[in-house]
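This report describes selected local features of one structure. The sequence and coordinates are shown first, and the text follows.

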Amino acid sequence: MKNLAWLLTTIPLFTACSPAPETDSSVPAAEATAADNSGIQAGVDYHSFSNPAEVTVTHLDLDLTADFAASVLSGSATLTYQKQTAQADTLIVDTRDLNIQSVTANGETLDYQLQPADPELGAALEIDLPERGNKVTIEYATSPQASGVQWLTPSQTAGKEHPFLFTQAQAVHARSFIPLQDSPQVRVTYNATIHTPEALLAVMSAANDPDTERDGEYDFTMPQPVPSYLIALAIGDLQFKPMGERTGVYAEPALLDAAAEEFADTESMLEATEETYGPYGWDRYDLLILPPSFPFGGMENPRLSFITPTVIAGDKSLVSLIAHELAHSWSGNTVTNATWRDLWLNEGFTTYLTYRIMEMIYGHDRYRMEAVLGYQDLQEDIAALPANDQILAIDLRGRNPDDVFSDIPYEKGALFLRELEQKVGRENFDQFLLNYFKHFAFKSITTDEFIAYLNDTLLAEYPDKLDSERIDQWIFKPGIPADAPMPTSDAFSIVDQARQDWLSGEKSATNIDTAQWTVHQWLYFLNNMPEELSDKQLAELDDAFGLTTSSNNEIAHSWLMIAVHNEYQPAYDRLYDYLVSIGRNKLVKPLYRELSKTPQGKAFAQKAFAEAKPGYHPLTIKANEGFVN
Ligand code: BES
Ligand code: ZN
């Protein structure tokens with residue numbers, strides 16, 4: 001615990017909030033952004049109705065009961081607040097599809113107004129505050145359709161015997177299961193008591209005790225202040241297995257051993273990251289393996305990352321996901337994006353750190369292969385996205401952050417940091433990042449605050465190596481700047497050669513020597529095939545390499561994309577199973593999109609979607625229903 005000391009001393013009592021935190025004492029942030037003249041107010045959270053600038057919630061006490069028969073969480077949220085001005089008399093919190101039963105303070109009923117709901121952002125709950133005191137209690141129940149909660153029947157779990165529940169709050173879904181100021185610039189500490197059926201275990205993004213008695217009542221504390229999107233709960237037939245001194249895994253019994261083996265390097269990753277970027281500030285780091293309907297690869301809930309089971313490949317080939325969620329403990333959870341416009345501060349930094357961690361643990365070759373694959377994904381997105389959506393500091397006004405998910409904040413953000421690293425030197429850049437995490441620990445910052453910090457530090461130190469114009473180009477302009485770093489990998493040259501030899505007819509598929517190929521080489525082999533392949537060519541590949549039956553979900557994805565594009569029917573049974581058994585959006589959405597391009601494809605997609613829908617997460621349904629309607 002001694003590592004925590006320096007972090008704790010920097011925790012502010014409360015975080016300054018919208019509108020427009022200032023980048024320095026004299027210039028409002030909105031004016032400080034030279035490159036941005038679009039009228040966006042830096043630091044204003046356009047995705048929350050809450051009023052933290054007047055009244056700031058600093059602590060949450062939660063008491064919830066999970067009713068699996070009704071798919072409802074009900075109970076109370078007690079919010080501790082601080083008035084920022086003497087006149088402040090209204091607390092505004094975000095809600096979405098919540099059934100509000102009462103609002104009380106000091107045992108007395110308070111007046112409140114629930115405003116009409118916005119379809120994307122939910123409804124503001126305006127509470128008339130009492131003269132005295134600093135706590136209000138809201139009694140409420142969630143809706144069975146809560147956008148941030150998925151209720152699974154026993155048949156949708158690995159064990160088939162018990163139901164399962166998990167929440168996913170990022171970006172704007174915490175409000176669908178807790179009434180709170182649902183903005184990443186409001187940080188709260190929290191305590192929670194969760195009541196469950198007796199056989200089940202509840203875990204949260206908080207201190208979890210693996211040895212807790214399974215009695216249907218679980219208590220949690222989160223002593224470090226976290227933004228609302230990092231509050232998370234899961235309930236299921238979960239068991240715990242340690243992987244290292246500070247790391248372990250929670251999973252359904254059927255998956256527990258496989259998960260612990262797959263992710264056995266988590267402890268080394270944690271140590272390596274600390275070594276380079278400063279102490280881990282969150283005590284333990286555990287993983288929770290979710291059912292396959294989890295809509296993301298992973299979610300960096302503090303102390304307990306939520307992880308899709310689709311990366312348990314048996315050979316650690318997809319564990320960069322763990323490096324990624326772990327890295328968020330620094331970039332994202334310790335230093336947090338102030339608004340969703342600033343998401344690249346979370347995801348770009350984290351993607352950069354992920355590559356660094358992968359290099360430290362698995363070596364240069366593995367990192368380079370992953371970097372090339374990431375770069376290719378980025379190029380694809382840049383080719384497909386309108387210019388405004390290629391900007392790191394993206395304009396999200398009037399849009400739901402869920403609908404704008406792309407590789408831009410991830411890979412373009414990481415590439416920008418890679419360029420800074422290359423210009424000032426790795427050691428200097430590591431020192432910069434270490435200082436950055438310390439300087440902004442437990443704060444939520446805007447892109448402009450990052451730029452101001454960069455100006456004061458790296459730019460001031462290396463004026464001959466960096467220039468502001470270039471930095472503005474990276475952050476505020478579409479595309480990738482000319483002469484940006486471009487990852488390459490020697491290990492891919494032989495794959496290019498093999499593909500070439502096969503396409504030209506020089507070699508048959510069975511004559512390609514693939515015995516030593518890694519998963520990443522396979523992905524590169526498939527992802528760079530020409531768009532059009534004949535049935536004969538596809539059958540040859542499939543016969544030689546068993547692609548339709550690949551148990552690696554990423555390889556299967558790449559292959560199924562090719563199969564759909566070329567209407568290769570022998571893969572369609574697998575495709576159907578894949579769509580029905582996996583809910584991870586990154587894996588299924590491109591398939592639905594591709595299928596929707598032809599009438600037969602669409603009919604097939606409709607059938608699969610209809611069967612899958614009862615098991616899909618609300619976010620996966622929303623992201624894909626447009627392709628089948
Ligand atoms: N925090 C994200 C997931 C997220 C981002 C949820 C934005 C909602 C809004 C998580 O850390 C993430 O990036 N997951 C990726 C991991 C991948 C890049 C390794 C995923 O789920 O695919
Ligand atoms: Zn991430």
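Asp 283 sits in the loop between α4 (266-277) and β17 (285-289). In this predicted model, Asp 283 has a positive phi of about 70° although it is not a glycine. Its relative accessibility is 32%, so Asp 283 counts as partly exposed. Asp 97 is another non-glycine residue with a positive phi, here near 55°. Asp 97 belongs to the loop between β3 (90-95) and β4 (99-105), and with a relative accessible area of 47% Asp 97 is partly exposed.

A further backbone feature is the peptide bond from Gln 170 to Ala 171, which is cis, with omega near 0°. Ala 171 is located in the loop between β10 and β11.

**Residues in loops, a strand and a helix**

The loop between β10 (164-167) and β11 (187-195) also holds Asp 182. The table lists the accessibility of Asp 182 and of three other residues.

| Residue | Relative accessible area | Class |
|---|---|---|
| Asp 182 | 1% | buried |
| Thr 142 | 5% | buried |
| Ser 305 | 0% | buried |
| Ala 610 | 52% | exposed |

Asp 182 is in contact with residues from several stretches of the chain, once neighbours within four places in sequence are left aside; among them are Asp 45, His 47, Ser 48, Ser 50, Asp 94 and Ser 228. Ala 171, the residue that follows the cis peptide bond, is also one of the contacts of Asp 182. The C-alpha atoms of Asp 182 and Phe 609 are separated by 31 Å, with their positions 427 residues apart along the chain.

Thr 142 is placed in the loop between β8 (135-141) and β9 (149-152). Apart from neighbours within four places in sequence, Thr 142 contacts Ser 71, Val 72, Leu 73, Asp 97, Leu 98, Ser 176 and Phe 177. Asp 97, with its positive phi, is therefore within 4.5 Å of Thr 142, counted between heavy atoms.

Ser 305 is part of strand β19 (residues 304-307). Which side chain makes a polar contact with the side chain of Ser 305? The partner is Tyr 285, at 2.6 Å. Not counting residues up to four places away in sequence, Ser 305 touches Tyr 285, Asp 286, Leu 287, Leu 288, Met 299, Glu 300 and Glu 325.

Ala 610 lies in helix α18 (residues 599-612). The C-alpha atom of Ala 610 is 42 Å from that of Thr 488, a residue 122 places away along the chain.

**The zinc ion and ligand 1**

The zinc ion (ligand 2) is coordinated by the NE2 atoms of His 324 and His 328 and by an OE atom of Glu 347, at 1.9 to 2.1 Å. The donor residues follow the spacing H-x3-H-x18-E in sequence. His 328 lies in the loop between α5 (320-327) and β20 (335-337), and Glu 347 in helix α6 (residues 343-362), so the pair ties together parts that are 19 residues apart in sequence. Both His 328 and Glu 347 are buried.

Two of the zinc donors also have polar atoms close to ligand 1: a polar side-chain atom of His 328 lies 2.9 Å from an oxygen atom of ligand 1, and an N or O atom in the side chain of His 324 is 3.0 Å from an oxygen atom of ligand 1. A backbone N or O atom of Gly 298 is 3.3 Å from a nitrogen atom of ligand 1. On its own ligand 1 has 520 Å² of accessible area, and the protein covers 88% of this.

Ligand 1 is surrounded by 15 residues, of which Gln 170, Gly 297, Glu 300, Glu 325 and Tyr 410 are the closest. Gln 170 also takes part in the cis peptide bond, and Glu 300 and Glu 325 also touch Ser 305. By class, five residues of the shell are nonpolar, six polar and four charged. The elements that contribute two or more residues are β18 (298-299) and α5. Helix α5 gives the largest share, three residues.

**Helix α11**

In helix α11 (residues 468-476), the buried residues include Arg 470, Ile 471, Trp 474, Ile 475 and Phe 476. An α-helix has 3.6 residues a turn, so residues three or four places apart point the same way. The buried residues of α11 pack against α6, α8 (408-424) and α10 (447-461). Helix α6 is also the helix that holds the zinc donor Glu 347. At the N-terminal end, α11 is capped by Asp 467, which has a side-chain oxygen 3.2 Å from the backbone nitrogen of Glu 469.

Note on methods
Residues numbered from 1 in each chain as written. Chains lettered and ligands numbered in written order. Predicted model: local features only at pLDDT ≥ 70, side-chain atom pairs only at ≥ 80, totals over all residues. Heavy atoms only, no water. Donors = N, O, S within 2.8 Å, 3.2 Å for Na, K, Ca; no water. Helix = DSSP H or I, 4+ residues; strand = E, 2+ residues; numbered from the N terminus. Buried < 20%, exposed > 50% of the residue type's maximum accessible area, 1.4 Å probe, protein only. Near = heavy atom within 4 Å. Polar contact = N/O pair within 3.5 Å; in protein donor to acceptor, adjacent residues only side chain to side chain. Areas by Shrake-Rupley, 256 points an atom, 1.4 Å probe, with all protein chains shown as cover. Nonpolar A, V, L, I, M, F, W, Y, C, P; charged D, E, K, R; others polar.
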